[in-house]
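Here is a small set of exercises to work through with the model open beside you. Try each task on your own before reading its solution.

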Amino acid sequence: MNISYDHYRVFYNVAKYKSFTRAAEVMYSNQPNLTRAIKTLERQLGCTLFERTNKGVRLTEDGKELYEHIAIAFEHIQAGEEAVSAKHSMDYGLVSIGATEIALRCCLLPILRGYHQLYPGIRIKLLNVSSPQALRMIENKLVDFAVVTTPADITGKLTATKLSLLQEVPVCSKSFPIKESVSFAELAEYPIISLGAGTSTFDFYSNEFLKRNCSFSPDIEAATADQILPLVKYGLGIGFVPEQFLETENDVCAVSLSEPLPTREIILARKKGHTLPLPAKELVDMINREYDIERS
């Protein structure tokens, strides 16, 4: 049947509000227009859809059956409209981010605070994951973008923007028995606390120790960077943390290495050719402005 969408829209609203008057108000129309549309629809379908009552109208059995199908269709349409609108509005919507713990604390948290103050209607979905996991999420469009630490395998499907350098230091508790200055080879003899295999941090230190013909075999593998300092404080070993982590710590001290650790980078990764929804685009722009990066 070649029945007008507008007639079904009238039917949906009259059935939803059980009133021609209320439906007319919602649709910015008038009652006679809606009445004509329903009569036309009933004629085309060959049945009666509404019965008049003292309080308005009610659906007939045929009307109920039709409404069950029509309501699903219109609710899907409305959900689609809202989803598309949310991509182009800063009043409401969602931005999803994959971030490592280190990148979150050393880069992202202050910016998220400012973003939330400016756009309180935008929901933020933050996934605390390793760098490899975050990059896979971008490729599969499970997050809008990611802020992670290097090393990171940036494939041809992704782009990466350097945000800042990351300087890490080995730390131990103040009561931990260690020489005043140690080499990498000597450091390898102490119990090491590190993030586990499959993280960029593990890969970085494994490679640095290997360059110096040393073995990197952590005695304790932590699930998140936040767990390393508490383990260090209790004298369980030596951990590697960003210098920023030590700003408010009084129970640990830096271990003096005979050669400094190389710096790493905090990067923002995105999927090539993927247009970000407006909420995510605005957050990326805020990050870029914070680090004086030209808008891309």
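## Exercise 1: Charges and overall form

**Task.** Find how many positive and negative side chains the protein has, and how far apart the centres of the two sets lie.

**Solution.** Step one is the count: 32 side chains are positive and 36 are negative. Lys and Arg count as positive and Asp and Glu as negative, while His and the chain ends are not counted. Step two is the distance: the centres of the two sets lie 10 Å apart, with each charge placed at NZ of Lys, CZ of Arg, CG of Asp or CD of Glu.

A word on the ground rules: this is a predicted model, in which local features need pLDDT of at least 70 and side-chain atom pairs count only at pLDDT 80 or more, while totals for chains, interfaces and linings use all residues. Residues are numbered from 1 along each chain as its sequence is written, and side-chain values use heavy atoms, leaving out hydrogens and water.

**Task.** Describe the overall form of the protein: why is it called more spread out than a compact globule?

**Solution.** Start with the elements: there are 10 helices and 14 strands, where helices (H or I, at least four residues) and strands (E, at least two) are DSSP runs numbered from the N terminus. Next, compare the radius of gyration with the globule rule: the protein has 30 Å, well over the 19 Å that the rule gives for 296 residues, so it is more spread out than a compact globule. That radius is taken over C-alpha atoms, and the rule is 2.2 Å times the number of residues to the power 0.38. Finally, look at the box: along the principal axes, the C-alpha atoms fill roughly 95 × 40 × 35 Å.

## Exercise 2: Two cores

**Task.** Which residues of the largest nonpolar core touch the most other members?

**Solution.** First, fix the term: a nonpolar core is a set of buried Ala, Val, Leu, Ile, Met, Phe, Trp, Tyr and Cys residues joined through side-chain atoms within 4.5 Å. Buried means under 20% relative accessible area, exposed over 50%, and partly exposed in between (1.4 Å probe, protein chains only). Buried residues make up 45% of the 296 residues here.

Now the answer: in the largest core, of 39 residues, Phe 145, Val 147, Leu 283 and Ile 287 touch the most other members. Helix α5 (residues 101–118) supplies the largest share of this core, 9 residues. Apart from it lies another core, of 23 residues, among them Ile 3, Phe 20, Phe 50 and Ile 70.

To see the surroundings of Phe 145, leave out residues up to four places away in sequence; its contacts (heavy atoms within 4.5 Å) then include Val 95, Ile 97, Ile 138, Leu 268, Leu 283 and Ile 287. As background, nonpolar side chains tend to be buried together in soluble globular proteins.

## Exercise 3: Ile 38 and Val 10

**Task.** Is Ile 38 buried or exposed, and which residues does Val 10 touch beyond its neighbours within four places in sequence?

**Solution.** Ile 38 sits in helix α3 (residues 31–45) and is buried, with a relative accessible area of 3%. Not counting residues up to four places away in sequence, Ile 38 touches Val 10, Phe 11, Phe 20 and Phe 50.

Turn next to Val 10, in helix α1 (residues 5–17). Val 10 counts as buried at 6% relative accessibility. Outside the four-place window, Val 10 is in contact with Met 27, Leu 34, Ala 37 and Ile 38. For a sense of scale, Val 10 and Ala 152 are 142 residues apart in sequence and 55 Å apart in space, C-alpha to C-alpha.

## Exercise 4: Backbone exceptions

**Task.** Where is the cis peptide bond, and which residue in the loop between α8 and β10 has a positive phi although it is not a glycine?

**Solution.** Keep the background in mind: most residues other than glycine have a negative phi, and most peptide bonds are trans. The cis bond joins Thr 150 and Pro 151, with omega about 5 degrees. Pro 151 lies in the loop between β5 (145–149) and β6 (158–166).

For the second part, Asn 213 has a positive phi of about 55 degrees. Asn 213 lies in the loop between α8 (200–211) and β10 (220–222), and counts as exposed at 76% relative accessibility. Asp 292 also has a positive phi of about 55 degrees; Asp 292 lies in the segment after α10 (278–290) and counts as exposed at 73%.
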